[in-house]
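Reader: Hello! I am new to this structure and would love a close look at one part of it, with a little of the surroundings to help me find my way.

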Amino acid sequence: LASAIACAGDGSGAPFSIVSADEVERMIERPGVVVVDANPHDVFLKGHVPGARWWRAAPLARLLPEDKDRPLVFYCASPQ
């Protein structure tokens, strides 16, 4: 996982930010974080961040939480 885009308030007012793999590791340990894998399906099947949702498994709107305040992480690089 080289980098990811996280959609979470960081106090800067920006709707999202690019975060490091280390930050993603810290984020996914917290309850309520939604992780979406944007890799092709074969890459997702070979290995993905634990608990990640594959972005084409359903319309994106159904993958996202109802609670719009929950942090989101989207990534598209092999997590290995």
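How many salt bridges does the count come to? Please take me through the residues that form them.

Author: Happy to! The count comes to two salt bridges. Please keep in mind that this is a predicted model. The mean pLDDT of the chain is 78, with 76% of the residues at 70 or more.

Let us start with Glu23, which takes part in a salt bridge with Arg26; their closest N and O atoms lie 2.8 Å apart. Both residues belong to helix α1 (residues 21-28), and because they are three residues apart there, about one helical turn separates them. How open are the two to the outside? Arg26 has 47% relative accessibility, so it counts as partly exposed. Glu23 also counts as partly exposed, at 24% relative accessibility. For a residue to be called buried, that value would have to be under 20%.

The other salt bridge again involves Glu23, this time with Arg30, and here the closest N and O atoms are 3.6 Å apart. Arg30 is partly exposed too, its relative accessible area being 42%. Through shared partners, the salt bridges join Glu23, Arg26 and Arg30 into one network. As a general point, side chains of opposite charge can pair when their charged atoms come close.

Now for the surroundings. The chain has three helices and five strands, and along the sequence they follow the pattern β-β-α-β-α-β-α-β. Confidence varies among these elements: helix α2 (residues 41-46) has the highest mean pLDDT, 91, while strand β1 (residues 3-7) has the lowest, 53.

Helix α1 also leads us to the nonpolar core. The largest one has 11 residues, among them Val24, Met27, Phe44, Trp54 and Tyr75. Two elements, α1 and β5 (72-75), give two or more residues to this core. Trp54 is a good residue to click on: leaving aside neighbours within four places in sequence, its contacts are Asp37, Asn39, Pro40, His41, Phe44 and Leu63.

From β5 we can step across to strand β3 (residues 34-37), since four bridges join β3 to β5 and the two run parallel. In that pairing, Val36 stands opposite Phe74 of β5. Strand β3 also pairs in the parallel sense with strand β4 (residues 53-54), over two bridges, and there Val36 has Arg53 as its bridge partner.

What about the two faces of β3? In a regular strand, side chains alternate between the two faces of the sheet. Both faces of β3 are covered: Val34 and Val36 on one side are buried, and so are Val35 and Asp37 on the other.

To finish, here is the chain as a whole. Of its 80 residues, 30% count as buried. The chain exposes about 5,200 Å², and carbon and sulfur atoms supply 56% of that area. Among the contacts with a separation of 6 or more, 49% are between residues 24 or more positions apart. If you return to the part you asked about, look for Glu23 with Arg26 and Arg30, joined into one network.

Note on methods
Residues numbered from 1 in each chain as written. Heavy atoms only, no water. Buried < 20%, exposed > 50% of the residue type's maximum accessible area, 1.4 Å probe, protein only. Contact = heavy atoms within 4.5 Å. Areas by Shrake-Rupley, 256 points an atom, 1.4 Å probe, with all protein chains shown as cover. Salt bridge = Lys/Arg side-chain N within 4 Å of Asp/Glu carboxyl O. pLDDT = per-residue confidence, 0-100. Core = buried A, V, L, I, M, F, W, Y, C linked by side-chain atoms within 4.5 Å. Pairing = 2+ DSSP bridges.
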